[in-house]
Each structure stands twice: as C-alpha cells, then as structure tokens.
Amino acid sequence: MERTTILKSKFPEDYKPSYILKDILSGIIVALVSIPISMGYAQIAGLPMIYGLYGSLLPILVFGIITTSYDFVFGVDAAPAALTGGALAALNIANGSEEAINAVPVLTFLVGLWLLLFFFLKAGRAVKYISVPVMGGFITGICLEIISMQTPKLWGGSPGTGELPELILHMFSELKSLNPLSLILGLSTIILILLFRKLIPKLPMSVVMLVLGIVLNVTLHLEDYGVMILPETASGLPMPKLLHIDMNILPDLGFSSLTIALVIMSETMLASKANATSDGYELSTNREVMAYSLANIVSAIFGCCPVNASVSRTSIVRQFGGRSQIMSISASISMAVILIFCTQFIPLMPVPILTGIIVAALLSACEFHLAARLLKMSKRDFWIFVSAAIGVLFFGTVYGVIIGVILSFIAVISEAVSPPRTLVGIRPGHEGYYSLKAHEDARPLPGIVIYRFGGNLFFANIDTFVSDIEEAIAEDTHTVIINASGINNVDITATDRLMALTKSLTKRDIRFFFAENDGIVNNELERYGAGELLENGTVQKDIETCIGILEEYVDDPYTE
C-alpha cells in the first residue's frame, strides 16, 4: 500500500515515458540556473560561493527522493540565506571568515533538527494558521532586504548588512566605488531577464546572461576596466565535514535556527501546496516536513547553509514541462558534472551580471501581484501584507517572523470577532431567504427581523450579535428569527447573553427564534444552563417552522 502511495506521489496519473526527457532537460536547466543564484545566496549566508553549488547537489537529491510534490525544486534560496546572514551579522561574524564557515553548518544542522521535531509533532498542519497576506508580506520583505544588501555590488561596491535604514546609508557610502561599466552590466542584466521573462518565458535568461557575461569577459577582459570577477573555485565533489560547535554562540544559533526552520516549513509548504492544488493532487504534509529536515541535515554535513523551496526555479521547471522528481535527480547529477568538470568557467563570471541575475530572481519572487490583488479585494489584508513586509525591512527577519505570527492570530481573531452577518428577507419569484444588502429586490418580511450570523458565538462577538439585533428592531417588529446555520458552537458568556436577550424581547412582546442550528449547539445550550430555550420553543429546526408557528397567531407574514 505504501509503495503505491509513493509511486503516485512521484508521478501524475497521466505520466508518460515521453515526459522523462522533459524532466531530464528541466533538471539540467535547474542546475545551470542554480550556478549564479546559489553562489550568490551562499555569499549572502556568509559562506564562500562554492558552497552554493554544494548545497545544490545532495540536498536537492534527498528532497526529490522523499517529497510527495511532483515538480517542486529545493535548494539554496533567498529566505534562509538572508536569515542566516542576519544571524551571523547579529553575532558579529564576518562573511566568508573561518568562524562563519564553522558556524553556518551548525546552524543548518539545528534547522534540520527543528524540522525533524516538527515532523514528529506533525507541526506542518500549523502552517494553515499563517495567512497568505502575512506570508506574502514576509517573503516580499525578505526579498527586498536582500536586494538592498546586494545593490552596491551592481556598481562595484561591497554588500551591506543590517536593516533597511542601515542598508540605505551603506548604498550611499558605497557610491564612491561606482564603476559605470559595472552598473551598466548589472542594470542591463536585470532589465533583459525581466523583459524576456515576459516575452519568451521558456527562455532561461539567467543562463543566457551567465554565458553572455563569460563571453564578454573573455573577449573584453572586463577586469581591466575595474569590473569585479568571481574568484577561482576548486573543482571536485564536496566532502563531509565535522561540525565545530562553539558553545558560546550555540544558544543564539538555536533561536535563529528555530526561526529559519519555521520559515522553511511555512514558505515551502504554502508554495508547494499551491502548486499541488493547481495540478489537482494532494501533498503528504508530514512527509514533506521530513523531506525538508533530511535535506537540511545533509546540507549541514557538507558544510552548507539551510536550504528550502525555490519558487523561481520551480517556475522554470513548469515552463519547460517538468512533470516529476526525475527532474531533481537530473539536476543533482548535472551539478555533480559541473563541479567535477566545469568549475574553471566560474572565475570568468562578472560579479555585476551575477548580482543582476540574483536581483532579477528576487524581484520575481516578490509578491507584488498579491499586494495589488489584496488592495482591490481586502484593504485589511493589504495592510497586513504591508505590515509583515515592513516588519522584516525595519526590525529584522526574526522580528518579522514574530510580527507575522502575531498578525496571523490577529487576522483569525478579527474574523471570529466580526464574522460575516446580514439581515435577510425574501425576493419576489424566488424561494428561500436572501441578504438585504446583496440583493436590491430583497425585502424584509413585515414585522419580522431575520438575522444571519456567520460565525461561532463567544464572549468577544456576542455584543456585536446583540447590537445588530437591537438596531434592526423597529416599532412594528413582533418577531426576531436568527438564522444560526453558521453558528457551530457557543460559549457560556454567549449563552447567558442569549438568555438575557430572550427575556428582554419577551418583555417587549417580541417573539424570538433560534433556527437552523445543529445538535452540537443545542447540546452546548443545555450544558450551559439554557435548556429552557429548547423546551419553550425558542430553538426551532428551520426558518419555515418559525414562520409556520407565527401563522397561528398573526396574518400571513408574506403579505403586506
């Protein structure tokens, strides 16, 4: 049974042998694109660039073997790299130093252990409590922060660290290093990649610009004009390393690694689930977390930074028709070939072009389209998005996570405190009951208030419930009917207020009905001491039953 599940998770039901070539080609493209992107992210994480290639070898293979996603790419990417770089900066550890080379694998190993703990706790389910606006704002904030860090490299300066105000000041200070040719190369790279992504989306412009940069350097000797070139890189496959644990910084690394693990789980799960939903299949949530954990543990063993989902490279796989994780196996083999035979080309790469490729990838990863959609559809969610992004940019990635989690809970509480609710009535020629706000031809029944409440009743929203009803009561109102189909439970505070409301309405000769609710709510009403509402006829099966009871005492309520 498990074998069948595994096979189905790796291959779509309509998978054909002819798709294998597309998967292999997609994997080769992923490996080529990973050269500039992964090397840049490794540097952001505080490691020598070669570790970006190491992180694109075995971790992607481990993930591809375990994951239940058809086509998602895993590797060295923006969010963990930025978080790792931020953790090093907070500890005053210089990028590329021996201390950084020792600290980062320990951080990565701790990330893997946290994810393993999440696997045993089945914590992947908790991702559903982080709203899309929060995660979109968080990812966008991280991408913009990395862009701000890398921007000086476009004109020949050094990368910055810290939060946005510090990064802006650093950009101005690095203008003294401005090299016009470097700036032209960097900006041209960004513009061409973004332009061709719109015009010819299947063309891997990152690879094209990488090759073009090598050709330009070989032809024009760009270094002679002050353009920075990548350093030489040793060839060969990575070897396992012993972890060097500094007990003085271990507590700080522990907290930072927890943050990174949460981001990896949240970001990767949300993105891969979106892909799976689009393609019509389901992920095994807990197994995905196991894949994240083991990929990071393997990354640590080979001295690399934390790894997670790559949305940009996954989109490339989908553009080239990749259908299964044969793609990841192909990408891993291709990277091994690059490391053994092709590292002599790395010192020919101009840094401004490499930086332009990274910036273009980060701009594409920003969720600006989501922000525009939220602005049109939900101002509240838009400002949650903006707040999460600002939290990252101005207070750092760790506080950005905290702000994001708080905002997620605020969003949930806000929805619960103020759920959808409306007065309903009838429409001529239509059966049933309709919102008076949503339908212009809907009209209330004479003397009857029908109120639909779309959430559970509890201490934080019962005042809203009662206030809405009181405001709807007019001089001729003789009946209030609650459409409680959206109420799945009540607490003791809400129950007491319902009892008080019933007594208040009865004193005013207004009948009160609580209809359309299920048996669970009835049980809770009895448990909290409101059984009399069931006994005296206040609680009824449906609205039609309430109307039928009224017809025994008043004229037909459907007529004026």
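Trainee: Is His221 buried, partly exposed or exposed?

Mentor: In this predicted model, His221 has a relative accessible area of 47%. Values from 20% to 50% belong to the middle class, so His221 is partly exposed.

Trainee: Where is His221 found?

Mentor: His221 belongs to the loop between helix H10 (205-220) and helix H11 (250-279). Its backbone deserves attention too: His221 is not a glycine, yet its phi is positive, at about 55 degrees.

Trainee: Which other residue, not a glycine, has a positive phi, and what is the value?

Mentor: Glu516 is such a residue, with phi near 75 degrees. Glu516 sits in the loop that joins strand E7 (511-515) to helix H21 (519-527). With a relative accessibility of 30%, Glu516 counts as partly exposed.

Trainee: I should now like to read the salt bridges. How many does a search of the whole structure find?

Mentor: The general idea is that side chains of opposite charge can pair when their charged atoms come close. In this structure the search finds 7 salt bridges. One of them joins Arg318 and Asp71, whose closest N and O atoms are 2.7 Å apart.

Trainee: Which parts of the chain does the pair of Arg318 and Asp71 tie together?

Mentor: Arg318 lies in helix H13 (residues 311-319), while Asp71 lies in the loop between helix H4 (58-66) and strand E1 (74-75), so the salt bridge links parts that are 247 residues apart in sequence. As for accessibility, Arg318 is partly exposed at 30%, whereas Asp71 is buried at 3%.

Trainee: What is the distance between the closest N and O atoms of Arg380 and Asp381?

Mentor: These two residues also form a salt bridge, and the distance is 3.6 Å. Arg380 is partly exposed, with a relative accessibility of 33%. Asp381, at 17%, counts as buried, because the cut-off for that class is under 20%.

Trainee: Where do Arg427 and Asp441 lie?

Mentor: The side chains of Arg427 and Asp441 meet in a salt bridge, with 3.0 Å from N to O. Arg427 is in the loop between strand E3 (421-425) and strand E4 (434-435), and Asp441 is in the loop between E4 and strand E5 (448-453), so the pair ties together parts 14 residues apart in sequence. Here Arg427 is the buried partner, at 17%, and Asp441 is partly exposed, at 35%.

Trainee: Let us turn to the surface. Which residues make the nonpolar surface patch?

Mentor: The patch covers about 800 Å² and consists of Phe255, Ile390, Phe394, Phe395, Tyr399, Ile402, Ile406 and Ile410. Helix H17 (379-395) and helix H18 (397-417) each supply at least two of its residues.

Trainee: Which helix gives the most to the nonpolar patch?

Mentor: H18 does, with 4 residues. Ile410 has its place in helix H18, and a relative accessibility of 46% makes Ile410 partly exposed.

Trainee: How may the chain as a whole be described?

Mentor: The protein chain contains 23 helices and 8 strands. Its C-alpha atoms fill a box of roughly 95 × 60 × 50 Å along the principal axes. Of its 560 residues, 54% are buried. The chain exposes about 25,200 Å², and carbon and sulfur atoms supply 64% of that area.

Trainee: How far apart are the mean positions of the positive and negative charges?

Mentor: There are 35 positive and 49 negative charges, and their mean positions are 7 Å apart.

Technical notes: Residues numbered from 1 in each chain as written. Predicted model: local features only at pLDDT ≥ 70, side-chain atom pairs only at ≥ 80, totals over all residues. Heavy atoms only, no water. Buried < 20%, exposed > 50% of the residue type's maximum accessible area, 1.4 Å probe, protein only. Areas by Shrake-Rupley, 256 points an atom, 1.4 Å probe, with all protein chains shown as cover. Lys, Arg positive; Asp, Glu negative; His and termini not counted. Charge placed at Lys NZ, Arg CZ, Asp CG, Glu CD. Patch = residues over 30% accessible without salt bridge, like charges linked within 9 Å, V, L, I, M, F, W, Y side chains within 5 Å. Salt bridge = Lys/Arg side-chain N within 4 Å of Asp/Glu carboxyl O.
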